[in-house]
Amino acid sequence: MNVIHINGNQYQVDVSNNLLQTCLSLDIDVPYFCWHPELGSVGVCRLCAVKQYNDRNDKTGKLVMSCMTPVMNNSIISTMDNEVQKFRKGIIELLMTNHPHDCPVCEEAGNCHLQDMTVMTRHNLRRYKFQKRVHHNQYLGNFISHNMNRCIGCYRCIRYYKDYAGGSDFGVYGISNNIYFGRFKDGDLKSEFSGNLIEVCPTGVFVDKLSQNYYNRKWDLQHSPSICQHCSIGCNVIVGEKYGIVGKLENRYHESINRYFLCDLGRFGYHYIHASSRCKIPFFISKGKNIHLGVNDSIQLISKILKKYKNVIGIGSIRSSIENNFALRKLVGVKNFSSGLLEIEQQCLNLIIDILSNSGIYIPTLSEIEDYDVVLILGEDITQTASRMALSIRQLNNKKKIDNNFFNSIPKWHSAALLNVSNKKNFVYTIYTHETKLDDISEIKYHASVKDQEIFASAIENHISNTSNNFKNLDSHVLKDIFNISNHLSSCRKPLIISGSHSCSLNLIKSSVNIARILKKRNQDVGLVLLTPSSNSIGIGIMSDFSIEKIFHKIMSNNVDVLMILENDLYRSFCKEKINNMLKKLKHIVVFDHQNTSTVKNSTCFLPIKNIFESNGTLINYEGRAQRFFSVFDPKVYDKKSCILDGWKWLYKIYYNFYYMIDINVTVDDVIQEYSDSIKVLNKVKYVAPNSKYRIKNQKIARLSHRASSRTAIYSALNIHEPGQKIDHDTIFSFSMEGIQQPDQNSSYIPFSWSPGWNSLQSLNKYLLKSSRFNSGIRIFDQEHSNCKYFLHKIYHSQDSSKEWRIVPYYCLFGSEELSQYSIIIRNKCSVLYALISIKYQKILNLNHDSLIELKLFNQNFQFYVKFSHTLPLQHLGLPLGFPNVPMELIGKTINDIRSII
C-alpha cells in the first residue's frame, strides 16, 4: 500500500492500480472515456487529466493523464485545479464538435456516459457553427443498431471486440477526423459477445434493437436483480420493466462470474417472455372442449383428480427453479418424481454431482479461469454451450501470451504495452468432433468421433500417470499431440481441465477427472470444470436420479394414471410418435408452464406459471453456486383477469388442498426453509440471500429509481385512479420508488446501478476496490472434502460399421437450449435447420451447400439442408439436437442411409 495525497487529503491506496482507478474507487470524480476496468488504459481520449506536483513546494505542477499514470508513494495530486478543469472542458468540446446533440431522440439518454462526462466537465455552451461530419450507419444484425454519427473516437469498441473478445469481422477504418468503426460491409456481427458493444460504448453508437420496440427511459423502468437462465454459468443480470414488458436487460457485475460482460444469448435471449401465444388462464379439456377455470376451481379440480387416481408421476425441469421442482416432488413423492432428463443425460449428471460432492478437486469461477496456465477442453464446444466461459478462456490465453520477462515490469492496466510484448504461443487444447470457434487460439486441435476422443483422453491420462496403455497403434501425429499435451499439463503450475455432459460421454467425464486427480497428486494447482445443459441442471439432479425413459416404461406398462409436467416440453426430448403413443395411455396430463409448448397443446389440464422475471427462486450453476433471482413485476398488476402464479405456489396450494383441505399462504422463504432442512446438500441455500423480513433503516430496497417521472403516472395508461402499491411479501425489495435506493450492505442484490453524477452503468466503476460486495451466491458443495477416487473405465478402439452413419450433436448459441426457441426474433434467425457433414462427401453424394437431405429414424422422416465441415469424421452426421422437431434422443443413434432430395 502507498500513501498519496489527493486534493489535500491523504489516502492509503493499492499500488497495482493506475491513478484514475484509484480516484474513482475513493469516490473522487475524474471524467474519462477510453479507459475501461477490463480493457485497461491506452491514453487516447485525454479527458482524465489531473495535475501532479513534484513536492509541496511545487506550485505549478504538470498535467498528466491519470489512466496512464501509476500510483507512486507520497505523490501529490489535484483533480480540481483550474487548469485541469479548463483542459478537460476543451477536450469535451472538441469531441462534441461532430456529435449530433440528439439526446432527446437517443435511446441512451439518461443512461449515457457521454452525458455524465459533459455535465461533469461543465461543457454547456455549443460554439461549433460549421457543418458536422456525417457517417453511414450499417446494418449489424437483428440485435444491434448502429449510429456512427454519435461516435467520439474513444476506440473502446475495437479494443473490446478485436483484442478482448477475439472478433475478426469488426474494425476501424479511415484516418484523422474521419475514423469509422464498423464492418467492411453490412451484415450480422459474428461474435457471440457482440452485444457487449452496447455497454462498452460510452455513447449511443451501438443500441439494443430489442429494447427499441418497448422503449422507456432508464429512470422510468422498474428493476430487479436476476440470473441468466440459458446455460449453466449463471451470469448476473439487471432486468428493467414497465407495463408488464421487459424493456431492457443489462449486465449485473459479479466479481466471480460474468463481471462486465454477457454473451449474446444472455443479453438478447429473453424475448420468449413476450410470446403472444402465452396462455394466462388455466384450462381443462372435457369432451374435446377447452373449459377455462379460475385459481380456486383449478386447485379443486387437480385435487379431485389426485384423489381419484393414485398412480401419479411428476416430471421436473432443468430450466425451472429449485423451489418449483421441490414443490412438485413434495406433491407426488420422492419416488414418483423425475428429473425429465434422458437416461444418458441423467447418468452424466449423476456422475458430475458425485464429482462435485466428493472429488476434492477445485471448481474455478469464470474470473479464476483467467489465471490458469494451460487449459484442456474435452468434448465441449463451449463457445456455443457456455459462451461466457469461452470469453474467459480467451483472456487466459491473452494473459499467458505475455512474455514473463517483461510482464513483471509492466502494470496490468497498461494494455497497449502488454499487447506489444505478447508472443504467438497459445495455451489451449481442444478435443471435439468438429471445428469450434476456439480453434483460432488452440495450440492443438483434435477432431474425431466421440469414441476416438475417449481414446485420446485416456491416452493423455495414461501418459501423465506413466502407466502402460494399449494405444500404440494410434497414428504418429496423434501420439505426438498426446505427448505434447501431456507434457505441457504435467509441467505447468495451474492446469485446467474442462469437460461436461453435452457429448453425453461418461468416459470423457471420467478421463477429465482422472487427469485432474493425477495432476493434483503431484501438488499442481489443478482446476476442473464440468458443464451441464441448463441453468438448474445441478439443482434438479440433486433432487432426482429418475430419468424420463423410466417414466415412459412405467406409463407404457399401464402403471401411471396422471402425469404432472413442470416446465418441460417432452417433444423436445423424444420423437412425436413416441410421445403421442405415451400420452394416450394416461388419464390426465397436467402441465405447469409459461410457454405454449407442444406438451401444453396436448395436455388435459394446464396451469399458467410465472417466468423467471415474474417469480422468485434459486438456481445452481456448474460450480455448485446457489444464486437467487427476484421478480421484477407481478403480471396481475397489469392483467387482473390472468391467473398466473409462481409454480411452487400452485403446487403448494394443491398439496394443502389435497391432503388437508385448507388454503394457507406460503412464501418463498417457507419453501426455501423446508427444502434446506429436508435435503442435506441444500442446507446452505437458506443463507444465499436475506429473507423477506430484512430491512435497511426499517425500509426495503426500492426497485424503482427516485428519478422516476412520477409514481402516480406510472399506471395512468391503465387506470386514471392511482392504485395501491403491490406489496412484496417474498423478497427484500419493494415494488415502488419508496425505500433504500442504493444499499451499502447486500450490494450483490442492487436492482440498478446509479451514483450521484453517474447515471450510466459506468457508475459501477467507482466501486472497483470494493468489488467483493458484488459476489453473490453460496457454493453448496464442500470444496475441501477429498475422496478423489480414480475412475476405472475400459475404452476400446472404434469399430463402427462403414455402412452406418452415427449422429452427433452440434450446438448453436441460439436455439440449442429451449427457451430462446420461443422468441420470434431468434426463431426467425434459426429457422433453417442444417445437417453437418464432412466436405469429403460433397462429390461422393453430389451435394452442394443448398442441398436438402432426408433420413428416417423412429418411423419419422427428417429433412435438413447441408452444411459442410472440414473436420467432422467420416460416417458422422451432425444434427442440431434440441431444435424444434429434432429430438435429443437421436444422439448417438445410427442410420443406414441418407438420401439427397433434388
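User: What makes the approach of the Glu 854 side chain to the side chain of Gln 863 a polar contact?

Analyst: In this predicted model, the two side chains lie 3.1 Å apart at that contact. The cut-off for a pair of N or O atoms is 3.5 Å, so 3.1 Å qualifies.

User: Why is Glu 854 called buried?

Analyst: Its relative accessible area is 13%. Buried means under 20%, so Glu 854 falls in that class. Glu 854 belongs to strand 32, residues 852-857. Leaving out residues up to four places away in sequence, Glu 854 touches Asn 861, Phe 862, Gln 863, Asp 897, Ile 898, Arg 899 and Ile 901.

User: What makes Glu 567 and Met 661 stand out in their phi angles?

Analyst: Glu 567 has a positive phi of about 45 degrees although it is not a glycine. Met 661, also not a glycine, has a positive phi of about 55 degrees. Glu 567 sits in the loop between strand 22 (562-566) and helix 21 (576-583), while Met 661 is in the loop between helix 23 and helix 24 (668-678).

User: Which of the two is buried and which is exposed, and why?

Analyst: Glu 567 has 3% relative accessibility, and the limit for buried is under 20%, so Glu 567 is buried. Met 661 has 53%, and exposed means over 50%, so Met 661 is exposed.

User: Why is helix 9 described as largely enclosed by the rest of the structure?

Analyst: Helix 9 covers residues 322-332, and 10 of its 11 residues are buried, so the description follows from that count. The buried residues include Glu 323, Asn 324, Asn 325 and Arg 329, along with Phe 326 and Leu 328. Just after helix 9, Gly 333 takes a positive phi of about 100 degrees.

User: Why is the pair of Tyr 260 and Phe 261 called tilted?

Analyst: The ring centres are 6.5 Å apart, and the planes make 55 degrees. The distance limit is within 6.5 Å, so the rings pair; 55 degrees is neither under 30 (stacked) nor over 60 (edge-to-face), therefore the pair is tilted. Tyr 260, at 10% relative accessibility, counts as buried, and so does Phe 261, at 2%. These two residues belong to one aromatic cluster with Tyr 160, Tyr 164, Tyr 253 and Phe 774.

User: How do you know that Tyr 652 and Tyr 656 form a tilted pair?

Analyst: Their centres lie 6.3 Å apart, with 35 degrees between the planes. The centres meet the 6.5 Å limit, and 35 degrees is neither under 30 nor over 60, so this pair is tilted. Tyr 652 and Tyr 656 are both in helix 23, four residues apart, about one turn of the helix. Both are buried. A search of the whole structure gives 30 aromatic pairs.

User: What makes Met 389 and Met 564 notable in the largest nonpolar core?

Analyst: Of the 240 residues in that core, Met 389 and Met 564 touch the most other members. Helix 23 (residues 647-660) contributes the most to this core, with eight residues. Met 389 is in contact with Ile 233, Leu 366, Ile 369, Ile 382, Ile 498, Val 529, Leu 531 and Tyr 622, neighbours within four places in sequence aside. Another core lies apart from it, with 33 residues, among them Ile 28, Leu 47, Ile 152 and Cys 154.

User: Why are strand 19 and strand 21 called edge strands?

Analyst: The open sheet runs in the order 19-18-17-20-21, with parallel pairing. Strand 19 (442-447) and strand 21 (527-531) each have a single partner strand, so one side of each has no neighbour in the sheet. The twist averages 10 degrees from one strand to the next.

User: How do you know that strand 17 and strand 20 are paired?

Analyst: Strand 17 (residues 374-378) and strand 20 (residues 495-500) share four bridges in the parallel sense. Pairing requires at least two bridges, so four is enough. One bridge partner in strand 20 is Ile 497, which faces Leu 376 in this pairing. Helix 18 (residues 506-521) packs on the sheet, touching strand 17, strand 20 and strand 21, with its direction at about 165 degrees to that of strand 20.

Terms used:
Residues numbered from 1 in each chain as written. Predicted model: local features only at pLDDT ≥ 70, side-chain atom pairs only at ≥ 80, totals over all residues. Heavy atoms only, no water. Axes fitted to C-alpha atoms, helices over the stretch in contact; angles between N-to-C directions. Contact = heavy atoms within 4.5 Å. Buried < 20%, exposed > 50% of the residue type's maximum accessible area, 1.4 Å probe, protein only. Polar contact = N/O pair within 3.5 Å; in protein donor to acceptor, adjacent residues only side chain to side chain. Core = buried A, V, L, I, M, F, W, Y, C linked by side-chain atoms within 4.5 Å. Phe/Tyr/Trp six-rings, centres within 6.5 Å; stacked < 30°, edge-to-face > 60°.
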